[in-house]
Amino acid sequence: MCVRPDVGRNDLHSALQNRCIETVVAESIVSGCFIITGIVSNLLICTAIYRNVRLRNTIHMYIFSYVIIDLIKSVLVMPLTFGALLKGEWFATTSVCQFQGYVTSVLNNATILTMTITAIDRFVANIHLAHYLTFHRRKYVCGALAISWLVSFAAPLALTISGDDFVFHPGYSICREEVTGNKNYLRSSILKIVFAVFPFIVISACYFRVVVNMQKTYKMAKLRRGQEEHILNIMAWRGEEDTTRFLAALILGTVIFWVPTYVCDIVDTYTHKYCLPRSVYLLSTLFVNASCSVKTLIVAFMDVDFRREFNSTLKWRKARRVIDINVAGKTEARDLAARLTAELLAENEKYRMYHGYVEEKDDIKTVESSV
C-alpha cells in the first residue's frame, strides 16, 4: 500500500517502464485500434451528414456535437497516449503535455454539457410541447451547443491560471491536472461539482420525468382508443419516444464507459494516494477511448436514415443527391419541380387513357345488350 502520492507515482512509473515486450505490444495494439476505429467511425458519420441533407435537422445537431468531440479526441489526444504506451514514458515536451491535458478537459466538459442539453431537450419535448415547438429550431440548438463549447474551453483555464499544471499520469498514460494547495483543492472540487455531479443530477431528473409522462400518455391512449385525432397524437408521441430513446442510448453508452474513470478519481481524491494498480488506471483510459467508437454503433443501430447512408457509403455507391428545397438553389428547385410535374402528367395521361378505354368498352356492351 502506498504511503505518499510521490511513492505511488514512482511505483506506477516503474510499472510502466518495466513491462515485458508482450504487454507493450498488446497495449499498443489495443490503443492503436481504438485510434483507427475512432477516426474512421466518426468520419463515416460526418460523410453521411455531408451527403444527406435530411441528416442535418435539429436532433442530428446533437449527434454532430458528439462526433466532433470524439473525432478531436481520436486525432489529438489518443495518439499521445499511444506514444506513451509504446515508449514506456512521456516522450514529448512539457508544452505538449499541457496541451493534451487541456484538450482532454475541454472535451470531457463538452461531452457532459452536450448530454445535459439533450436531456433538457427531451424533457421539454415530452412535458412542455408548446414551448418545445417554439424554441426547437436549429439556430437555438446550435446556439446552446456553441455556448456549451465556450464554457468548456473557459473552465480548464481556471486551473491553469491558478498555478495548477497538467502532469503525466503513468497509470492513465495521459496528462491530467494535478491540484496542489487547499484553495486549489476547493476550486477543483467546485469545478467537479459543476461539470460532473450537477449535470448528472439534471440528466437523471429530466429522464425520470420523461418516463413518468410516457406512462401517463399510454394510459390515456387506452382510455381514448378509436378517436382519430388521438391516434394522430399517439403517432407523434411515439416518434418523440423513439428520439428520446435514441438520445438516451447515446448518453448511457457514454456514461457506462466513463464509470471506471470516475471510480478511480474518487478513490484517488479521498485517499490522496495512487494505490490502484496501473492496469486498473489503463483499463479506465481504454474504456473512455472505446466510447468514441461506440456512439457510431448506436447511431447505426437506432437511426434508419444514418444506417441507409452508412450502407451506401460502405458499398462505394455513387453519392445520391438528396435535395432540400430550402437549401438548393432556385434553378435546381425549378428543374426538380418541372421533372416531377412532367412525370405526374404522364401518369395522369396513362390513367385517363386506360379508364377512357374501359368506359368506351362498357358503353359498347350496353348498346349491344339493348339491341
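This passage describes the fold, disulfide, cores and one pocket of a predicted model.

The protein contains 11 helices and two strands. Along the sequence, these elements follow the pattern α-α-α-α-α-α-β-β-α-α-α-α-α. Of the 371 residues in the protein, 40% are buried. Among contacts with a separation of 6 or more, 79% join residues that lie 24 or more positions apart.

One disulfide was found. A disulfide is a covalent bond between the sulfur atoms of two cysteines. Here the partners are Cys97 and Cys175, with sulfur atoms 2.0 Å apart. The link between Cys97 and Cys175 is left-handed, at -120 degrees about the S-S bond. Cys97 belongs to helix α4 and Cys175 to strand β2 (residues 174–177), so the pair ties together parts that are 78 residues apart in sequence. Cys97 has a relative accessible area of 5% and is therefore buried. Cys175 is also buried, because its relative accessible area is 1%. Cys20, by contrast, is partly exposed, with a relative accessibility of 39%.

Ser173 sits in the loop between β1 (166–169) and β2. Its phi is near 65 degrees, a positive value in a residue other than glycine. Most residues other than glycine have a negative phi. Ser173 has 0% relative accessibility, so this residue counts as buried.

In soluble globular proteins, nonpolar side chains tend to be buried together. The largest nonpolar core in this model has 39 residues. Ile45, Ile63, Leu250, Val299 and Phe306 have the most contacts inside that core. Eight helices each supply at least two of its residues: α2 (21–51), α3 (58–87), α4, α6 (138–161), α7 (182–223), α8 (228–271), α9 (278–302) and α10 (304–314). Leaving aside residues up to four places away in sequence, Ile63 touches Ile45, Phe246, Leu250, Val299 and Phe306. A second, separate core holds 10 residues. Its members include Leu80, Ala84 and both cysteines of the disulfide, Cys97 and Cys175.

Helix α4 (residues 94–127) also carries Thr111. Thr111 is buried, because its relative accessibility is 2%, under the 20% limit. Its contacts, not counting residues up to four places away in sequence, are Tyr66, Ile69, Thr254 and Trp258.

The second largest pocket encloses about 270 Å³ of space. Its lining consists of Asn57, Ile59, His60, Asp242, Thr243, Arg245, Phe246, Met302, Asp303, Val304 and Asp305. Helices α3, α8 and α10 each supply at least two residues of this lining. The largest share, four residues, comes from α8. By class, the lining has four nonpolar, three polar and four charged residues. Phe246 is one of the lining residues, and Phe246 also touches Ile63.

Key. Residues numbered from 1 in each chain as written. Predicted model: local features only at pLDDT ≥ 70, side-chain atom pairs only at ≥ 80, totals over all residues. Heavy atoms only, no water. Buried < 20%, exposed > 50% of the residue type's maximum accessible area, 1.4 Å probe, protein only. Contact = heavy atoms within 4.5 Å. Disulfide = S-S within 2.5 Å. Core = buried A, V, L, I, M, F, W, Y, C linked by side-chain atoms within 4.5 Å. 1 Å grid on protein atoms, 1.4 Å probe; cavity = no way out; pocket = protein on both sides within 12 Å on 5 of 7 lines; lining within 4 Å. Points joined across faces, edges and corners; volume = space filled by probe spheres on them. Nonpolar A, V, L, I, M, F, W, Y, C, P; charged D, E, K, R; others polar.
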